[in-house]
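The exercises below concern the spaces inside a protein and the ligand that one of them may hold. Please work through each task with the structure open before reading its solution.

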Amino acid sequence: MENTFALVTGGSRGLGRAVCLELAALGYNIIINYTANESAALETQRLVETIGVKGVTLRFNVADRMETRSTLTKWMEENQNSKISVLVNNAGIREDGLMMWMTDEQWDGVLDITVQGFFNVTKLVLDGMIKEKFGRIINMVSFSGLTGVPGQVNYSASKAAIIGATRSLSKEVGRRNVTVNAVAPGFIKTDMTEDLNEKDFKKTIAVGRFGKPEEVASVVGFLASEKAAYITGETISVNGGI
Ligand code: NAP
């Protein structure tokens, strides 16, 4: 796997970092995308390299089509002997608010990163996977996109859109040995859920606690592995039984 890479968007922190480490442990070299937090991205790179694979940090805002294209295309052109076999569309934000008070910025901000981001990155990587006749695309969605959560109309809409895209794309590329799946976490302890009090929510979770990033990353690792070759178009919940 010397020249085989996994690209993890939002790989600098939280779930993304745990996914980078899980895929590194499977032997993939890792491209760690981030948008603002360079020191966190460099820390993920350091941790990945201690596992014994290559780590590369790439700064681009997935919502910015031109920036994503120019940065990723440049990397691909400079690394023509390398291939990206695994893509984890993980970058995401939360901007909660009831619909009646939701601003244009809250709506656009969440949709742009999750939905446009999915399109901007996947479109660039898919071609190589189809040519190689191998690929694993894993989209980080949320229980919110499956069940709906008040105050998250923007977030639920964005994640539900990606669940639909996962199903459709899986049907387009399955014959090329490219699988497309989604993972839907519940409440996981990261910066994103820092403002939520675990005590207030744990009554609603069967196992009685928030999850750890590694508990989601292990499912991503399974979906990326050869063992999951016959699973595609699925959304797998990892939510402790909400
Ligand atoms: P987090 O700790 O807030 O980390 C977010 C990551 O996304 C960071 O690496 C951040 O990069 C990156 N990012 C944000 N906007 C970006 C952009 N425009 N372009 C590129 N990267 C960007 O969040 P998390 O909890 O790990 O969440 C990761 C994913 O899991 C998200 O899609 C989220 O919706 C989903 N999820 C999380 C939970 C949960 O309970 N935590 C539950 C369900 C689903 P910087 O470090 O540069 O800011």
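Four exercises follow, each with a worked solution, and all rest on a predicted model.

**Exercise 1. The ligand and its shell**

Task: Identify which residues come nearest the ligand, and describe the shell by class and by element.

Solution:
- Step 1. Start with the count of neighbours: 31 residues surround the ligand, and the ones that come nearest are Ser 12, Ala 36, Asn 61, Tyr 155 and Thr 190.
- Step 2. Sort the shell by class. Around the ligand stand 15 nonpolar, 13 polar and three charged residues.
- Step 3. Locate the space that the ligand takes: this is the largest pocket.
- Step 4. Assign the shell to elements. Two or more of its residues come from each of helix H1 (14-25), strand E2 (29-34) and helix H6 (153-173).

**Exercise 2. Polar atoms and burial**

Task: Find how far oxygen atoms of the ligand lie from polar atoms of Gly 10, Asn 90 and Thr 190, and state what share of the ligand surface the protein buries.

Solution:
- Step 1. Consider the backbone. At Gly 10, a backbone N or O atom is 3.2 Å from a ligand oxygen atom.
- Step 2. At Asn 90, a polar backbone atom lies 2.7 Å from an oxygen atom of the ligand.
- Step 3. Turn to a side chain. In Thr 190, a side-chain N or O atom is 2.5 Å from an oxygen atom of the ligand.
- Step 4. Add the surface of the ligand. Taken alone, the ligand exposes 900 Å², of which the protein buries 95%.

**Exercise 3. The two largest pockets**

Task: Give the volume and lining of the largest pocket, then do so for the second largest pocket.

Solution:
- Step 1. The largest pocket has a volume of about 910 Å³. Its lining comprises 41 residues, with Gly 92, Ile 93, Arg 94, Thr 190 and Met 192 closest to the centre.
- Step 2. By class, the lining of the largest pocket divides into 20 nonpolar, 16 polar and five charged residues.
- Step 3. H1, E2 and H6 each supply at least two residues of this lining. H1 gives the most to the lining of the largest pocket, namely three residues.
- Step 4. For the second largest pocket the volume is about 360 Å³. There are 18 lining residues, and Met 76, Ser 82, Lys 83, Ile 84 and Gly 128 lie nearest the centre of this pocket.
- Step 5. The lining of the second largest pocket divides into seven nonpolar, six polar and five charged residues.
- Step 6. Helix H3 (65-78), strand E4 (83-89) and helix H4 (104-132) each provide at least two residues of that lining. H4 gives the most, with seven residues.

**Exercise 4. The cavity**

Task: Determine how many cavities of 30 Å³ or more the structure has, and describe the lining of the largest cavity.

Solution:
- Step 1. A search of the whole structure finds one cavity of 30 Å³ or more.
- Step 2. The largest cavity holds about 100 Å³ of space. It is lined by 14 residues, the closest to its centre being Asn 89, Asn 90, Ala 91, Thr 114 and Phe 118.
- Step 3. H4, strand E5 (135-140) and H6 give two or more residues each to the lining of the largest cavity. The largest share, five residues, comes from H4.
- Step 4. The lining of the largest cavity contains seven nonpolar residues, six polar and one charged.
- Step 5. Compare with the earlier solutions: Asn 90, close to the centre of the largest cavity, also has a polar backbone atom 2.7 Å from an oxygen atom of the ligand.

Definitions and conventions. Residues numbered from 1 in each chain as written. Predicted model: local features only at pLDDT ≥ 70, side-chain atom pairs only at ≥ 80, totals over all residues. Heavy atoms only, no water. Near = heavy atom within 4 Å. Polar contact = N/O pair within 3.5 Å; in protein donor to acceptor, adjacent residues only side chain to side chain. Areas by Shrake-Rupley, 256 points an atom, 1.4 Å probe, with all protein chains shown as cover. 1 Å grid on protein atoms, 1.4 Å probe; cavity = no way out; pocket = protein on both sides within 12 Å on 5 of 7 lines; lining within 4 Å. Sits in = over half its atoms within 2 Å of the grid points. Helix = DSSP H or I, 4+ residues; strand = E, 2+ residues; numbered from the N terminus. Nonpolar A, V, L, I, M, F, W, Y, C, P; charged D, E, K, R; others polar. Points joined across faces, edges and corners; volume = space filled by probe spheres on them.
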